[in-house]
Amino acid sequence: MSERALRRRRFLGTAMAGAAGAFALGGVADAAESLDWPPHGDAPPVLPAPPAGFTWTLDPAKSDDFSGEALNTDKWSTEHWIEINNNIVAFKPDNATVHRDKLHIWLKKEPYKGVNYTGGYVRSKFYMAEDTYIEVRARMIPHVANVNSAIWMYDVPDPALNPNVEIDMHEYLRPLDKPNEVHNSFHLWYKKPGSQPGPPADSHTSLANVDWLHRSNLDAGYHVYGLERRKKGTGSGRPGGFVRFYLDGVPHWTYGATFIPELVTQPRPLIFNVNGNAGIPVDSHLPASMQVDWVRVYNLTEQ
């Protein structure tokens, strides 16, 4: 049976899982556990599963194998609520394509809306909150293009949702200098009470972040980026929930949500995009794409 057939077979199933790794209580973040990843030189698992020790059920309505040659518009939108990023990249719906069972998010050198580059953007129409685990198997855009590839969760800022939570599962912020760097972060965005939902936000707090180095460049192959949002802590006596980040099935950072429960409870869509947050792209290496193989969303059904 081929690897893709195995993935499809597993994609339709229900998994047993559970969490391990360091815990950051009350919003105090643990440092990354290893700068030489994976620990002890172990090869990353080919088919990582949800966290072991609990029962998780795959949610097919919120998962996608990107089969065929077209994006499933029942699940995904290519429309962004902003047009231009950093006065460098304009988002263009045509820059998100599906080809040979992969989602491609393109960065291109072309004039559009007053800037010189266009970028792709895809946002889920489904939302996720507490007691979920998300897996994304993706390959970052070639680092020589100097383009940020982002896997994140956010939504249109709304005063009724203050603080509007942003969770960055990974950003490729320094691809030329550190093409093997994994970046995870939290941001809080605020709108003035009584204002209308929509950009821009009125204020911003960079809450916490972790940068650590994988043993190889992130554009050299596919990796599985995972995010667990749990309303209750692992084990007795944990007063609050947590958010835990994974790479290739291994947990590497956990952040406690005791004082900011919205990190866990606020429903957020999943977003993929390429943008100018790394600086000016390198024209000679364009067009280039970030590639997403699949998305899986699991719901915790038994603790």
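## Exercises on a predicted model

Glu181 counts as buried, at a relative accessibility of 6%. The structure is a predicted model, and the exercises below start from this residue.

### Exercise 1. A salt bridge of Glu181

Determine which side chain meets that of Glu181 in a salt bridge, and state whether that partner is buried, partly exposed or exposed.

*Solution.*

Step 1. The side chain of Glu181 meets that of Lys178 in a salt bridge, with an N to O distance of 4.0 Å.

Step 2. Lys178 has a relative accessible area of 33%. This value makes Lys178 partly exposed, because buried requires under 20% and exposed requires over 50%.

Step 3. The salt bridge of Glu181 and Lys178 therefore joins a buried residue to a partly exposed one.

### Exercise 2. Charged residues in strands β15 and β16

Describe the salt bridge between Arg244 and Glu228, and decide whether each residue is buried or exposed.

*Solution.*

Step 1. The N to O distance between the side chains of Arg244 and Glu228 is 3.7 Å.

Step 2. Arg244 belongs to strand β16 (residues 242-247) and Glu228 to strand β15 (residues 223-230), so the salt bridge ties together parts that are 16 residues apart in sequence.

Step 3. Arg244 has a relative accessible area of 1% and is buried. Glu228 is buried as well, at 0% relative accessibility.

Step 4. Arg244 and Glu228 also belong to a network of salt bridges, in which they are linked with Asp131 and Arg230.

Step 5. The side chain of Arg244 makes a polar contact of 2.8 Å with the side chain of Thr254. Thr254 is located in strand β17 (residues 250-256) and is buried, with 2% relative accessibility.

### Exercise 3. A salt bridge between loops

Locate the two residues of the salt bridge between Glu83 and Lys113, and classify their exposure.

*Solution.*

Step 1. The closest N and O atoms of Glu83 and Lys113 are 3.6 Å apart.

Step 2. Glu83 is in the loop between β3 and β4 (84-85), while Lys113 is in the loop between β7 (102-112) and β8 (115-119); the pair links distant parts of the chain, 30 residues apart.

Step 3. Glu83 is partly exposed at 48%, and Lys113 is partly exposed at 44%.

Step 4. For the whole structure, the search finds 12 salt bridges.

### Exercise 4. The order of a sheet

Work out which strands form the edges of the open sheet of seven strands, and trace the pairings of β3 and β12.

*Solution.*

Step 1. The order of the sheet is β3-β9-β18-β11-β12-β13-β14, and the pairing is antiparallel.

Step 2. The edge strands are β3 (76-77) and β14 (203-213), each of which pairs on one side only.

Step 3. Strand β3 is joined to β9 (residues 121-124) by two bridges. Ser77 has Arg123 in β9 as its bridge partner.

Step 4. Strand β12 (residues 164-171) pairs with β11 (residues 148-153) over four antiparallel bridges, and Ile151 stands opposite His170 in β12.

Step 5. Five bridges join β12 to β13 (residues 181-190), again in the antiparallel sense. Here Val165 has Leu188 in β13 as its bridge partner.

Step 6. Strand β12 is mostly covered, since eight of its eight residues are buried.

### Exercise 5. The surroundings of Gly276

State where Gly276 lies, whether it is buried or exposed, and which residues it touches beyond four places in sequence.

*Solution.*

Step 1. Gly276 lies in the loop between β18 (270-275) and β19 (288-302).

Step 2. With 2% relative accessibility, Gly276 counts as buried.

Step 3. Leaving aside residues up to four places away in sequence, Gly276 touches Asn85, Asn86, Ile88 and Val89.

Step 4. Gly276 and Leu107 are 169 residues apart in sequence, and their C-alpha atoms are 9.4 Å apart in space.

### Exercise 6. Aromatic rings

Identify the cluster of ring pairs that includes Trp81, and find which charged residues lie over the faces of Tyr112 and Trp294.

*Solution.*

Step 1. The structure has 16 aromatic pairs.

Step 2. Ring pairs link Trp81 into a cluster with Phe91, Tyr121, Trp152, Tyr154 and Trp189.

Step 3. Lys92 lies over the face of Tyr112, 5.2 Å from the ring centre. Over the face of Trp294 lies Arg296, at 3.5 Å from the ring centre.

Note on methods
Residues are numbered from 1 along each chain as its sequence is written. This is a predicted model: local features need pLDDT of at least 70, side-chain atom pairs count only at pLDDT 80 or more; totals for chains, interfaces and linings use all residues. Side-chain values use heavy atoms; hydrogens and water are left out. Two strands pair if DSSP finds at least two bridges between them. Buried means under 20% relative accessible area, exposed over 50%, partly exposed in between (1.4 Å probe, protein chains only). Contact means heavy atoms within 4.5 Å. A polar contact is a pair of N or O atoms within 3.5 Å; within protein, one must be able to donate a hydrogen and the other to accept it, and residues adjacent in sequence count only if both atoms are side-chain atoms. Rings of Phe, Tyr and Trp (its six-membered ring) pair if their centres lie within 6.5 Å; planes under 30 degrees apart count as stacked, over 60 as edge-to-face and the rest as tilted. A charge sits over a ring if NZ of Lys or CZ of Arg is within 6 Å of the ring centre and within 35 degrees of the ring normal.
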